[in-house]
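Please open the structure in your viewer and keep the selection tool at hand. The tour below proceeds from one selection to the next and describes what is found at each stop.

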Amino acid sequence: MTTTSAGARLSNQRARPFLLGVGMVALGAVTLLMYLRRVDAIEVLATLFFVPVFVALVFWGARGGLVVGVLAAAGYAWLRFPAIDAVGVGRFVGLILGRAVGYVAFGAI
């Protein structure tokens, strides 16, 4: 693309790596802060599940983001399975549904 009076425009070829870099830094910072604050390890891993959702969104668009978002939701439910087995599903339904909606919405946006 060319420059305009409003400033330089990024081509799609240059915007993707930039967006990916900024997104990775943001997700990494959130994950690091959660780790340093000693948040439950499963929740830290759950935050890292946003990384493949974001990568899929950047490279394959909303369809790829949605597919990987659904996979991330299934992965989160699988991570929570031992606790569900120990105390029952009732305490985790809201948590799992909330994460699932977050992954799928993040993949679609």
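## First stop: threonine 47

Select threonine 47, which is buried, its relative accessible area being 6%. The model on display is a predicted one. Threonine 47 belongs to helix α2, which covers residues 41-48.

Next, display the side chain of threonine 47 together with the backbone of glutamate 43. A polar atom of that side chain lies 3.0 Å from the backbone oxygen of glutamate 43. Which residues is threonine 47 in contact with, leaving aside its neighbours within four places in sequence? They are Val30, Thr31, Met34, Arg99 and Tyr103.

## Second stop: glutamate 43

Remain in helix α2 and select glutamate 43. Is glutamate 43 buried or exposed? Its relative accessible area is 12%, and because the limit for a buried residue is under 20%, glutamate 43 counts as buried.

Now add arginine 80 to the selection. The side chains of glutamate 43 and arginine 80 are joined by a polar contact of 2.7 Å. Arg80 is also one of the residues in contact with glutamate 43 when neighbours within four places in sequence are set aside; the others are Met34, Tyr76, Leu95 and Arg99.

## Third stop: α1 beside α2

Show α1 and α2 as ribbons. Two packed helices are described by the angle between their axes and the distance between the axes. For α1 and α2, the angle is about 175° and the axes are 9 Å apart. Angles over 145 degrees count as roughly antiparallel, and α1 and α2 are therefore roughly antiparallel to each other.

To see where these helices meet, select Val30, Thr31, Met34 and Tyr35 on the α1 side, and Glu43, Val44, Thr47 and Leu48 on the α2 side.

The loop between α1 and α2 contains arginine 38. With a relative accessibility of 76%, arginine 38 counts as exposed. Most residues other than glycine have a negative phi. The phi of arginine 38, however, has a positive value, near 60°.

## Fourth stop: α2 beside α4

Hide α1 and bring α4 into view. What is the angle at which α2 and α4 pack? It is about 20°, and the axes of the two helices are 11 Å apart. Angles under 35 degrees count as roughly parallel, so α2 and α4 are described as roughly parallel to each other. The crossing in which α2 passes α4 is right-handed.

The residues to select here are Glu43, Ala46 and Thr47 in α2, which meet Leu95, Arg99 and Tyr103 in α4.

## Fifth stop: tyrosine 103 and the nonpolar core

Select tyrosine 103, in helix α4. Tyrosine 103 has 0% relative accessibility and counts as buried. Its side chain reaches the backbone oxygen of alanine 46 at a distance of 2.6 Å. Apart from residues up to four places away in sequence, tyrosine 103 touches Ala46, Thr47, Phe49, Phe50, Val53, Gly69, Ala72, Ala73 and Tyr76. To gauge a longer distance, add valine 22: the C-alpha atoms of tyrosine 103 and valine 22 are separated by 18 Å, and the two residues stand 81 residues apart along the chain.

In soluble globular proteins, nonpolar side chains tend to be buried together. The largest nonpolar core of this model has 17 residues, and Tyr103 is among those that touch the most other members, together with Phe54, Tyr76 and Ile96. At least two residues of this core come from each of α1 (12-36), α3 (50-87) and α4 (93-108). The helix that gives the most is α3, with 10 residues.

## Sixth stop: two places along α3

Select glycine 65, which lies in helix α3. Glycine 65 is buried, with a relative accessible area of 0%. Leaving out neighbours within four places in sequence, its contacts are Val53, Ala56, Leu57 and Gly107. Glycine 65 and alanine 105 are 40 residues apart in sequence, while 8.7 Å separates them in space, C-alpha to C-alpha.

Finally, select proline 82, also located in helix α3. Where glycine 65 is buried, proline 82 counts as exposed, at 55% relative accessibility. Add serine 11 to end the tour: from C-alpha to C-alpha, proline 82 and serine 11 are 47 Å apart in space, and they are 71 residues apart in sequence.

Conventions:
Residues are numbered from 1 along each chain as its sequence is written. This is a predicted model: local features need pLDDT of at least 70, side-chain atom pairs count only at pLDDT 80 or more; totals for chains, interfaces and linings use all residues. Side-chain values use heavy atoms; hydrogens and water are left out. Helices (H or I, at least four residues) and strands (E, at least two) are DSSP runs, numbered from the N terminus. Buried means under 20% relative accessible area, exposed over 50%, partly exposed in between (1.4 Å probe, protein chains only). A polar contact is a pair of N or O atoms within 3.5 Å; within protein, one must be able to donate a hydrogen and the other to accept it, and residues adjacent in sequence count only if both atoms are side-chain atoms. Contact means heavy atoms within 4.5 Å. A nonpolar core is a set of buried Ala, Val, Leu, Ile, Met, Phe, Trp, Tyr and Cys residues joined through side-chain atoms within 4.5 Å. Axes are lines fitted to C-alpha atoms, for helices over the stretch in contact, and angles run from 0 to 180 degrees between N-to-C directions. Angles under 35 degrees count as roughly parallel, over 145 as roughly antiparallel, 65 to 115 as roughly perpendicular and the rest as oblique. A crossing is left-handed if the near helix is turned anticlockwise from the far one by less than a right angle, and right-handed if clockwise.
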